[in-house]
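Reader: I'm new to this one and would like a close look at just one part of it: the side chains that pair up, and the packing around them. Could you walk me through that slowly?

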Amino acid sequence: MRERWTLGAVCALLAALLAGCQGAPDRTGSDGHISNGVTPTRPSGYGTVFLGVDECSSFGTTSFTEVPCASERAAARVVARFDGTTENGPRCPGTTDFVLHISEQARSSDEDGDGAVPQGYACMRNLSAPHPGDPGGGGGPRTIVGDCVYSSGGGQVRETACDGKGEKKPEFKVTKAVAERSRCPLSTALYVQLGGAEPVGCARPL
C-alpha cells in the first residue's frame with residue numbers, strides 16, 4: 001500500500017537571495033522572491049527521494065503534498081533537487097518558478113527503515129501558466145536575461161513583470177549576460193548580478 005508525504009508549508013522571504021541586483025556605478029540592490037518552507041511528516045510512496053526530480057506536488061492554501069504527476073491535483077514539477085540550503089548549495093535552473101525548502105526529518109518507522117529526509121530544497125516549475133520564472137515574468141528565484149527590474153528605494157532594485165502588469169512598472173531590462181562589466185553595451189545603465197559563468201547582467205533603461 002502506497003503512502004504519501006504530507007507537507008506543512010510556511011511562506012518566508014529568503015534572507016540570502018539566490019540572485020541580487022547591483023547598480024552602477026554607486027548603487028547596489030537585491031532581487032527578492034518568496035519561497036515556501038515544507039516539512040514532510042510521512043514517507044512517500046512515489047519515489048525513493050522525497051520530491052525527487054520529475055516528481056510533482058499539489059498546491060494548497062496551507063500545505064504542499066507530493067502527488068503523481070498524472071493526478072488532477074498535480075500543479076508543479078521538480079526540475080532540480082539538492083540537499084542543504086540555497087545559501088550554500090547549487091543554484092536552481094534559470095526558469096524555476098519557485099523554491100520549496102524542505103526541513104530535515106529523522107528516520108521513522110516504515111517497511112524498509114528508510115524514513116529519514118535530509119534538509120534540502122526543490123526547484124519547482126508550474127505545470128501550467130503563469131510562469132514567473134520565465135524571462136520577463138516578474139518572479140522566480142533568479143534574475144536572468146530578459147527580466148525587468150525597478151528601483152525600490154535606498155539604492156535597491158527588484159524584479160517586476162516586463163509587460164507592466166505587475167505591482168510596479170519596469171524601469172530597466174536585462175539584455176545581456178557577460179563575464180565582466182566592460183563587455184556590456186554602451187547603452188547599459190544598470191549592472192545586475194546574475195552569478196554563474198557570466199555573472200554580470202547588462203540592463204538598459206525602458
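**Side chains that pair and pack**

Author: Let's start with Arg81, which counts as buried because its relative accessibility is 14%, and the cut-off for buried is under 20%. Keep in mind that you're looking at a predicted model. Arg81 has a charged partner: its side chain meets that of Asp83 in a salt bridge, at 3.6 Å from N to O. That is one of three salt bridges in the structure.

Now move along to Asp97 and Arg125, whose side chains form another salt bridge, 3.8 Å from N to O. Where do Asp97 and Arg125 lie? Asp97 is in the loop between strand E5 (74–83) and strand E6 (98–102), while Arg125 belongs to strand E7 (residues 120–126), so this pair ties together parts that are 28 residues apart in sequence. Are these two buried or partly exposed? Asp97 counts as buried, at 5% relative accessibility, whereas Arg125 is partly exposed, with a relative accessible area of 22%.

Arg125 has another partner too. Its side chain also meets that of Asp134 in a salt bridge, this time at 2.7 Å from N to O. Asp134 counts as partly exposed, at 24% relative accessibility. Put those shared partners together and you get one network of salt bridges joining Asp97, Arg125 and Asp134.

Next come the rings. There are two aromatic pairs in the structure. In one of them, the ring centres of Phe59 and Phe98 are 5.4 Å apart and the planes sit at 55°, so the pair is tilted. If you wonder why 55° gets that word, it's because planes under 30 degrees apart count as stacked, over 60 as edge-to-face and the rest as tilted. Phe59 is in the loop between strand E3 (56–58) and strand E4 (66–67) and Phe98 is in strand E6, so here the chain is tied together across 39 residues of sequence. The partners differ in accessibility: Phe59 is partly exposed, with a relative accessible area of 42%, and Phe98 is buried, at 10%.

Phe82 and Tyr121 make up an aromatic pair as well, also tilted, with 5.4 Å from centre to centre and 45° between the planes. This one links distant parts of the chain, since Phe82 sits in strand E5 and Tyr121 in strand E7, 39 residues apart. Phe82 is partly exposed, with a relative accessible area of 21%, but Tyr121 is buried, with a value of 0%.

So what about the packing? Have another look at Phe98, because this buried residue turns up again in the largest nonpolar core. How many residues does that core have? The count is 10: Phe50, Leu51, Phe64, Ala76, Val78, Phe98, Leu100, Ile102, Ala122 and Met124. At least two of them come from each of E5, E6 and E7. E6 gives the largest share, with three residues. Apart from this core lies another one, of nine residues, including Val149, Leu190, Leu194 and Ala203.

To pull it together, follow strand E7: Arg125 there pairs with Asp97 from the loop between E5 and E6, Tyr121 there pairs with Phe82 of E5, and the strand supplies at least two residues of the largest core.

Definitions and conventions
Residues numbered from 1 in each chain as written. Predicted model: local features only at pLDDT ≥ 70, side-chain atom pairs only at ≥ 80, totals over all residues. Heavy atoms only, no water. Salt bridge = Lys/Arg side-chain N within 4 Å of Asp/Glu carboxyl O. Buried < 20%, exposed > 50% of the residue type's maximum accessible area, 1.4 Å probe, protein only. Helix = DSSP H or I, 4+ residues; strand = E, 2+ residues; numbered from the N terminus. Core = buried A, V, L, I, M, F, W, Y, C linked by side-chain atoms within 4.5 Å. Phe/Tyr/Trp six-rings, centres within 6.5 Å; stacked < 30°, edge-to-face > 60°.
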